[in-house]
Amino acid sequence: MNLLLNADNTGWETFTSVTAKLAGGFGTTLLLFFLTLLFAIPIGLLFACISRMRFKPLRYLMRAFIYVIRGTPLLLQLMIVVYLPGIAFDAPLTKWDIFHQNVPLAYFCGALFAFVVNYACYFAEIFRGGIENIPKGQYEACEVLGMTRTQTFFRVILLQVIRNIVAPMSNEVVTLVKDTALARTVSVVEIFFTASEILRLQFIIWPLFYTGAFYLLFSALVTLLFGLLEKKLSRYWK
Amino acid sequence: MALLEVKELTKSFGPTKVLKGITFSLQKGEVLAIIGSSGSGKTTLLRCLNFLETADGGQILVAGQPVFDAADPALLSPKNIRKNRMTFGLVFQNFQLFPQYTVLENLTLAAKLSAKMNDPDFKTNKKKIYADIDNRALALLERIGLAEKMDNHPCQLSGGQQQRVAIARALMLTPDILCFDEPTSALDPELTKEVLKVIRDLKSSGNTMVVVTHEMDFARDVADQVIFMAGGIIEEAGTPQEIFQNPKSALLKSFLSHE
């Protein structure tokens, strides 16, 4: 109780300085969020295509990989990416020359890699579902109208796929907002890490709870954006 | 000369022989009704005509020219198939309109894409070409009585209206032979009527059509020829009178008695 309501810790000045620090940490959170989306969406599309390929070995390899990634905790994957090279191969991320011994950057890149792979697998399954849900008749209708395969995909199929995946993507992306907090476990100084540092150094506990406001605000924004997209797409067809 | 000649068409899916040698011909302006129970091969036959399936054997000739010949691989190149399939139009049982486009766009999409690809004057004359396509689409919509729905999306139309739009969409590409795959099976009797009225109207303006149907009254009234299929062969063929008043084969008699 003392820690929560101590007069020293609840002044306006403390509040603004904590807010500034958390906002700084949230910047890293957002960077991780947007970079993950930026890479995971195209890679997910690639994974979806591979897992639909006619060439069976590659198809089943891809599906097995997706199964493993979706079947294990992201937390574990983070630790494997960030710590395993050092433990198993004596090649810790921080020793890789490209990072020039920049520890925070090395850990950030490691975490980003794990996030991208993990989310690409989830997205791949969403994309695959979205593509496979298009009735065969839509392709056939295009075919009998003399359209080429490229025209069929870009002019008829693609928008229907997007329409199919908006709702599940919205779910996944909101989950990503909150999953970024896991990066704290591999020393990425995002908002949650920042709040725990404040607790450790200044003995102020409320910033830990205050982080929730940042997450809430951001998920609200994401939900709103997806809602608008969904509304725009479903204005004309069910 | 017959407009459409089909000779000894065969098709198997794995070990199952679905078409066991189908031969018939159709004059210009005639309507052919194909009847038969489910699994008799009538839909497969229609899909072979429209190149959605590749027949294993036999020939298809349109106005004397082969458009399909199982023995001639040159005819089966993707380029030739794309060219030859435009001889045929197909209307699906479940309409298969494009949900994201308006009625007008559904009609014009393929024609515009085709003009973009094939019309040598496209670059210099784009506006006029597109305007012509729009006007043709509007004229067709007038004809099927749906001009006022041009800016609606398919989900805002009744099933009968959607099927009429699908017919207009197929007509946009001016096929020589228009095929229908059970065009009214997904519709209630009231909506069936409005679709059949459009098909009748097409016949009176000289369109050649092949209709797979379960509507025996329609086959009797509109068709010039009726083919009864059973087990992958043409069990009996003839005029509607011969088929409906004087069926010879036992299978056809039994089929008609169930209707």
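**Figure 1. Chain B of this predicted model, seen through its contacts and overall build.** Start with sequence separation: of the contacts in chain B between residues at least 6 apart in sequence, 64% pair residues at least 24 apart. The model is a predicted one. Chain B carries nine helices and 10 strands. Its radius of gyration is 19 Å, close to the 18 Å that the globule rule gives for 259 residues, so chain B is as compact as a globular protein of that length. Along the principal axes, the C-alpha atoms of chain B fit a box of roughly 60 × 45 × 35 Å. As for burial, 44% of the 259 residues in chain B count as buried.

**Figure 2. Helices H3 and H5 of chain B, side by side.** Two packed helices are described by the angle between their axes and the distance between the axes. Here the pair is helix H3 (residues 103–118) of chain B and helix H5 (residues 159–171) of chain B, whose axes come within 8 Å and cross at roughly 25 degrees. With the cut-off for roughly parallel set at angles under 35 degrees, that crossing makes H3(B) roughly parallel to H5(B). The handedness of the H3(B) and H5(B) crossing is right-handed. On the H3(B) side the contact uses B:Val103, B:Asn106 and B:Leu107, while H5(B) brings B:Val165, B:Ala168 and B:Arg169. Sorted by class, the contact of H3(B) with H5(B) has four nonpolar residues, one polar and one charged.

**Figure 3. A residue with positive phi in strand S1 of chain B.** Most residues other than glycine have a negative phi. B:Glu8 goes the other way, with a positive phi near 50 degrees. Look for B:Glu8 in strand S1 (residues 4–13) of chain B. Is B:Glu8 buried or exposed? B:Glu8 falls in between: it has 14 C-beta neighbours inside 10 Å and so counts as partly exposed.

**Figure 4. Where chain A meets chain B.** In this view, 17 residues of chain A are in contact with 19 residues of chain B. On the chain A side, the elements giving two or more residues are helix H6 (136–144) and helix H7 (149–179) of chain A. H6(A) supplies the largest share of that side, with six residues. By class, the side of chain A that touches chain B holds eight nonpolar, five polar and four charged residues.

**Figure 5. Chain A as a whole, for orientation.** Chain A has nine helices and zero strands, so to read its element string from the N terminus you just go α-α-α-α-α-α-α-α-α. The radius of gyration of chain A is 22 Å, whereas a compact globule of 238 residues would have one near 18 Å. The C-alpha atoms of chain A occupy a box of roughly 75 × 50 × 30 Å, taken along the principal axes. Buried residues account for 28% of the 238 residues in chain A. Among the contacts in chain A with a separation of 6 or more, 74% involve residues 24 or more positions apart.

**Figure 6. Helices H6 and H7 of chain A, crossing each other.** The axes of H6(A) and H7(A) come within 11 Å, with a crossing angle of roughly 130 degrees. H6(A) and H7(A) are therefore oblique to each other. The crossing of H6(A) and H7(A) is right-handed. A:Gln138, A:Tyr139 and A:Cys142 of H6(A) make the contact with A:Thr152, A:Val156 and A:Ile157 of H7(A). By class, that contact has four nonpolar, two polar and no charged residues.

**Figure 7. The surroundings of A:Leu176.** A:Leu176 sits in helix H7 of chain A. How many other C-beta atoms lie within 10 Å of A:Leu176? There are 22, and A:Leu176 is buried. Leaving out residues up to four places away in sequence, A:Leu176 touches A:Phe33, A:Thr36 and A:Tyr119. A:Leu32 is 144 residues away from A:Leu176 along the chain, yet their C-alpha atoms are separated by 9.6 Å.

**Figure 8. A residue with positive phi in a loop of chain A.** A:Phe203 is not a glycine, but its phi is positive at about 55 degrees. The loop that holds A:Phe203 runs between helix H8 (191–202) and helix H9 (206–233) of chain A. With 12 other C-beta atoms within 10 Å, A:Phe203 is exposed.

Technical notes. Residues numbered from 1 in each chain as written. Chains lettered and ligands numbered in written order. Predicted model: local features only at pLDDT ≥ 70, side-chain atom pairs only at ≥ 80, totals over all residues. Helix = DSSP H or I, 4+ residues; strand = E, 2+ residues; numbered from the N terminus. Rg over C-alpha atoms; globule rule 2.2 N^0.38 Å. Buried ≥ 20, exposed ≤ 12 C-beta atoms within 10 Å, placed from the backbone. Contact = placed C-beta atoms within 7 Å. Axes fitted to C-alpha atoms, helices over the stretch in contact; angles between N-to-C directions. Parallel < 35°, antiparallel > 145°, perpendicular 65-115°, else oblique. Left-handed = near helix turned anticlockwise from the far one by under 90°. Nonpolar A, V, L, I, M, F, W, Y, C, P; charged D, E, K, R; others polar.
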